[in-house]
Amino acid sequence: MKTTLLLVLVACVFATDTAMFDRIESSDLGRTLLNTIAIQMTTGEPLERIFQTLYDLEDRYIADQKEDDANNQAFQQVCDADLAGLNQELANLEQRNTELQAVLDDLVPIRDQKIGQKKAKELQKAELQKVIDETTAKRQEQADDFEAQRQEYTFVSSVLAEARRLFTDNLQAPSFLQKGEEKVHVTPQIMAQVASHMSQGAHKASTMKHVRTFGKAIKLLANLANRTQQFANQELTGRVIKLIDDLQNQLSQAFDLARKAEDDRTRAFQAYISLLNKDMNKYNSSIANLTAEIQSLQDRIDATTASQNDVLQRIQAKTQQRDDRRGECQEAAYDYQQRRAARDKDRQTVSDLIGILNTNMRDLKEYIALRIAAGDKDLE
């Protein structure tokens, strides 16, 4: 209430200077200085000392501002240098990232191309392996078939050999010989034994794959031997033995032809499989080389990617460092502007008071007197 009354009195008496005093009193410094000057003047303090105090205060503000200006300029210069250095580091990192990306752009397509080539070679190898497997399986079937043929021929040969042995052994055994008028006869029992043996052999041969024809021939010999049992003599026996020998020779010739065919198949297979294996070796070599090249490229890609990731992390960290530093510099500049504005305001307050003391002393004294009259306790 007293303050309001004081302001009303001042406004009535000093209409032209109210704005100045209001402006001075609007700040804590201005009000403090007005109160101090008022007290000094009421206590008889020499005006020169009051002036000197204000001049000293003004000089201090000026000195402080100069020091603050110099410090701020030095700090901002450091900031500029730091930011320039950080920006340069970022530019270098960005350039390095571009270079690494260019390397990846070159390596990745080459690696992918090599992978495609390897897959194509592997498909070709698989097709070739299929041919090799099929050829080998077919050859094994042929070999197995020839082995079965050999066993069948061996069986037929053994049947014929046994039949001839029966004749030969019994012709040479005196107990089985009958002599009469310069002819030697084989007993019907021997002929029956030969016929039975050959009949059994013929029956078994008829179930086989490769010797059915010979089985039929043996069957005919068995029938012949069976029909001539009662007429068994040297002439008939000789004919039967000759037929057996002829059939044995035919069997041997047929087996020789079969063996020759088998040998031809073996040589053809070996020659063909050799060519296939050469092609397989080429595929394996190509695949191995491509695998090594792909691995080498992948190693380079991995190393380059790792370097790029490191560069990107450094870019991120360096960007954050630059932004933090820029924030520090901007904050320092803002604080400097705030200090300067506050100091300018305070200095202007001091300057205004000096001006009042120089030009409006009477108004100031009357202003102080009115405040005292209004009971302003700050002046007690």
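This report describes the nonpolar cores, one helix and one partly exposed residue of a predicted model.

The largest nonpolar core has 30 residues, and those with the most contacts inside it are V156, L160, M198, I218 and I244. Four helices each give two or more residues to this core, as listed in the table.

| Helix | Residues |
|---|---|
| α4 | 47-172 |
| α5 | 188-205 |
| α6 | 212-227 |
| α7 | 234-359 |

Of these elements, α4 gives the most to the core, with nine residues. Leaving aside residues up to four places away in sequence, L160 touches M198, I218, I244, L247, Q248 and L251. A second, separate core holds 20 residues, including A38, F51, I356 and L357. In soluble globular proteins, nonpolar side chains tend to be buried together.

Helix α3 covers residues 28-42, and its 15 residues reach 21 Å from the first C-alpha to the last, which is close to the 21 Å expected at 1.5 Å a residue. Its buried residues are G30, L33, L34, N35, I37, A38 and Q40, and A38 is also one of the residues in the second core. After α3 comes G44, which has a positive phi, near 85°.

The last residue considered here, I110, lies in helix α4. I110 counts as partly exposed because its relative accessible area is 36%, a value between the 20% under which a residue is buried and the 50% over which a residue is exposed. Although I110 and E293 are 183 residues apart along the chain, their C-alpha atoms are separated by 9.8 Å.

How values were computed:
Residues numbered from 1 in each chain as written. Predicted model: local features only at pLDDT ≥ 70, side-chain atom pairs only at ≥ 80, totals over all residues. Heavy atoms only, no water. Core = buried A, V, L, I, M, F, W, Y, C linked by side-chain atoms within 4.5 Å. Buried < 20%, exposed > 50% of the residue type's maximum accessible area, 1.4 Å probe, protein only. Contact = heavy atoms within 4.5 Å. Expected span 1.5 Å × (residues − 1).
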